[in-house]
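New to this one? Here is a quick briefing to read alongside the sequence and the 3D view. Take a look at the structure first, then work through the points below.

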Amino acid sequence: MAASGGYNYRDATTQRGSVKVDRPLSVNSNPKSSVKSKPLVPPRRNSTGSVAGGGAGAASKDNTGVPGRVRVAVRLRPRNSDEMVLDADFADIVELQPELKRLKLRRNNWDLDTYEFDEVLTEFASQKRVYEVVAKPVVESVLEGYNGTVMAYGQTGTGKTYTLGRLGEEDTAARGIMVRAMEDILADVSLDSDSLSVSYLQLYMETIHDLLDPANDSISIVEDPKTGDVSLRGASLVEIRDHKSFVELLRLGEAHRFATNTKLNTESSRSHAILMVHVKKSVKGRDSALSSQNVNNSHTVKSLKPPVVRKSKLVVVDLAGSERIDKSGSEGHTLEEAKSINLSLSALGKCINALAENSSHIPVRDSKLTRLLRDSFGGTARTSLVVTIGPSPRHRGETASTIMFGQRAMKVENMLKLKEEFDYKSLSRRLDIQLDKLIAEHERQQKAFEDEIERIATEAQNQMSEVEKNYEDALEKERLKYQKDYMESIKKLEEQLVMNQPKHDFEKVTNGPKDDGSNVTSSKEICKLHVEEIDDLRKLLQRETSLRKAAEEESNNLKSQLTQWKRSEAAANSEISKLRKMLEDEAHQKEKLEVEIAALHSQLLQMSFDADETSRQLDKSGPGKVGGLDSLMTQVRHLQLNDSGNEDKASIAKIFEQVGLQKILSLLEAEDNDVRIHAVKVVANLAAEEANQEKIVEAGGLTSLLMLLKTSEDETIHRVAAGAIANLAMNETNQELIMNQGGISLLSMTAANGEDPQTLRMVAGAIANLCGNDKLQSKLRAEGGIKALLGMVRCGHPDVLAQVARGIANFAKCESRASTQGTKNGKSLLIEDGALSWIVQNANNEASPIRRHIELALCHLAQHETNAKDMISGGALWELVRISRDCSREDIRTLAYRTLTSSPTFQGELRRLQINN
């Protein structure tokens, strides 16, 4: 929201700063506001994965938390142009004393009421000053691992959106809290090891819409049964890599936020905007340690400790401004929006009152706003609230109400808790990498060992073969040499014997027989000759013996060399055995490591069971969401490229000028199914803006959308087309056109064939809008509208049931009005079509939107006396009695009581049953 005096921020850009956030967490206390409130939910222990910041063996941090009171600052808006004219003769009703942190509210010309706040910001306070005293301590806590909330509350037009969401494109000094907080967060985190993601939502008419994906307009709230944390199923979660992308997301979200022009504010926000920044930050100096020891020349992992991460969330809430209908001039649909805004703010005020008074019951379930903020007030988050006020005496009542809201909020005390846990997934990835490295190193060493063994064995074999060959050659040479010498000696002896034999015979013949003396002499000579031969032979034998000894010595030398080579071979075999043993040890350690990793994976799966369940539920939500976001982002980037020279964001009017509505509508008849899907999504986004609805209808867009329901078989086209028709059906003129073109029959056919809850929700919303037209009651029922609503009950999805209940309530309200005016007689068409039994069954439904609409429907049905007997027989009387006593909404409770007391039939039955109403 922006004040009419220059507080319009939706045309800004941002310049990133580099502020380093490095301040420890400080605890706030207020000696004047020491009432300790109960949290919105009972304190719960953190999930199994949370860890303490102490020793390695710590498993969880002390869950008592750190007390931290809600800090409240008040900011005064300067007078705008209207107030300078209308209030020129009157003084400001607010007097600020910032040095004393006091505010004085003028009761009359003499009396003033004095209030104290944590900070008092004058109309001259800069945006930087506001950020430093309101939001920066919360941002520092988020960076230290605590959840944090920054919220703006005040009358419409007092500068809440200016304080929080100003982009500061034209003037960087005008940057708001959202932009400055992201600058500090980006300056502190390391995107290489940390992660940063953003969701941007709006709460409009008790329905949560995704500002980053407008087609996703029915996000449900999911509560973790173990931790009590609140999450939003199906909301877009976009990772932030730089400041520019964050500013683009803010600009995109602001373009889809509901706003309108009222007497109090030219651009009044009609929804509560909620920015969620999720920070996942690694804790330095406490990450996993892998220590190893050398055992048998191998490295064995001795201890495994996962890294510690801190998960925190910063929530920035820009509440829609409270307004009085007589001052804002709201009417028609704008009036319904104002009622919804005031109801949600009233529910928030009740919760703050209950917390401030330490009440035993906190009505947190009365509104989706209070459910979303259950951790911000009385929970575990550090919360700062800035209340914005104006100086005009014409709005003294709203200013006083805002001040009292801030005073009560100062009494709420939260218990801050550190969100730390083991990052088992990161450890698993690191262990997988380490295991791959060890396996690769093991295989490399094993290959090197095998190559070395093969080389040594080959070398030893070659040397042994060479030695054996040399030895055999030497033996062969010696044998041949000895054999040759032997043969030569034998030959010489034979030759000598042959030579001596003839000579001896000749002497015997020549000399003849002699006497004994000569014979003796001859015998001596012969003996002498034999002795000489024997000596020669002995010498030859000695020489042969010496040669044989030399050969034996040579053989011994060769044997010694062979023995030495065998010893080398044995040493090599021993080394090979050692290497094989090392390989076996490595394999054994690998098996142990795999067992440890398997156990760690099992523990990881067990500890992240809830996260996996949530992921599977998100996966079951069906295709189309991500595609829708990507398609939308592609179109928006395309439009920005086409108009990159403009400083302002391309509005819907510029889209018409650049693309042309006729071209967009012509794509609805394209043969390519993807083109038709993208085209119908664009038309649905355009139909969400009331200013474009008349143009779309005049160009034939309504006829094209109804034709898509009739001819297309694609579930996505049915869902988005039905959503666009639901937006168009909010206009009374368009409602008659839809009926005249057979829209009810087509919507009923789509409801009968549809299975997707989102499609059925869109169809039910369109029919529910048509049910609120008094002129179309009979025709709507005749064409099967009521039957189609009741048929969609089969889905069972709470969002679908909420739309069905809304349609029944609208129909019953129109019937009640017609009966009062005398234009309708007879029993209710709802009762004739069998809706009463379902209404009674869901009158006490746990979901607040369903229960509220059903309670209204029962009250409207009961106002027509003709329906009384059927309602008594159907069990509706008991529910009316319960509503008149226990309903949380006073207006419905009063209506039920007045209906019971004014009906003679009901009064008679109550007297018969002896029930006092």
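On the side of helix α17 that faces away from its buried residues, you'll find A691, E694 and E698, which are exposed. Keep in mind that you're looking at a predicted model. The points below start with that helix, then move on to a residue in another helix, two aromatic pairs and the confidence of the prediction.

**Helix α17**
- The helix covers residues 690–698, and its buried residues are N692, Q693, I696 and V697.
- Looking down the axis of α17, you'd see those buried residues fall within an arc of 135 degrees, so they line one face of the helix.
- The exposed residues A691, E694 and E698 sit on the face turned away from that buried side.
- Just past the end of α17 comes G700, which takes a positive phi of about 85 degrees.

**T905 and its contacts**
- T905 belongs to helix α32, which spans residues 904–912.
- Its relative accessibility is 24%, so T905 counts as partly exposed.
- If you set aside neighbours within four places in sequence, T905 is in contact with E865, A868, K869 and I872.
- Take I872: it is 33 residues away from T905 in sequence, while their C-alpha atoms are 9.0 Å apart in space.

**Aromatic pairs**
- How many aromatic pairs does the count come to? It comes to 2 aromatic pairs.
- One is the stacked pair of Y153 and F405, with 3.8 Å from centre to centre and 10 degrees between the planes.
- This pair links distant parts of the chain, with Y153 in strand β7 (residues 148–154) and F405 in helix α9 (residues 396–409), 252 residues apart.
- Y153 and F405 are both buried.
- Y204 and F258 also form a stacked pair, at 3.9 Å centre to centre with 20 degrees between the planes.
- Here too the pair links distant parts of the chain: Y204 lies in strand β8 (residues 195–204), and F258 lies in the loop between α5 (243–255) and β13 (259–260), 54 residues away.
- Are Y204 and F258 buried or exposed? Both are buried.

**How confident is the prediction?**
- Across the protein the mean pLDDT is 78, and 80% of the residues reach 70 or more.
- Over residues 1–63 pLDDT stays under 50, and the model has 191 contacts beyond four places in sequence for this stretch.
- Residues 614–652 also have pLDDT under 50 throughout, with 41 contacts beyond four places in sequence in the model.

Key: Residues are numbered from 1 along each chain as its sequence is written. This is a predicted model: local features need pLDDT of at least 70, side-chain atom pairs count only at pLDDT 80 or more; totals for chains, interfaces and linings use all residues. Side-chain values use heavy atoms; hydrogens and water are left out. Buried means under 20% relative accessible area, exposed over 50%, partly exposed in between (1.4 Å probe, protein chains only). Helices (H or I, at least four residues) and strands (E, at least two) are DSSP runs, numbered from the N terminus. The arc is that of the directions from the helix axis to the C-beta atoms. Contact means heavy atoms within 4.5 Å. pLDDT is the predictor's confidence in each residue, from 0 to 100. Rings of Phe, Tyr and Trp (its six-membered ring) pair if their centres lie within 6.5 Å; planes under 30 degrees apart count as stacked, over 60 as edge-to-face and the rest as tilted.
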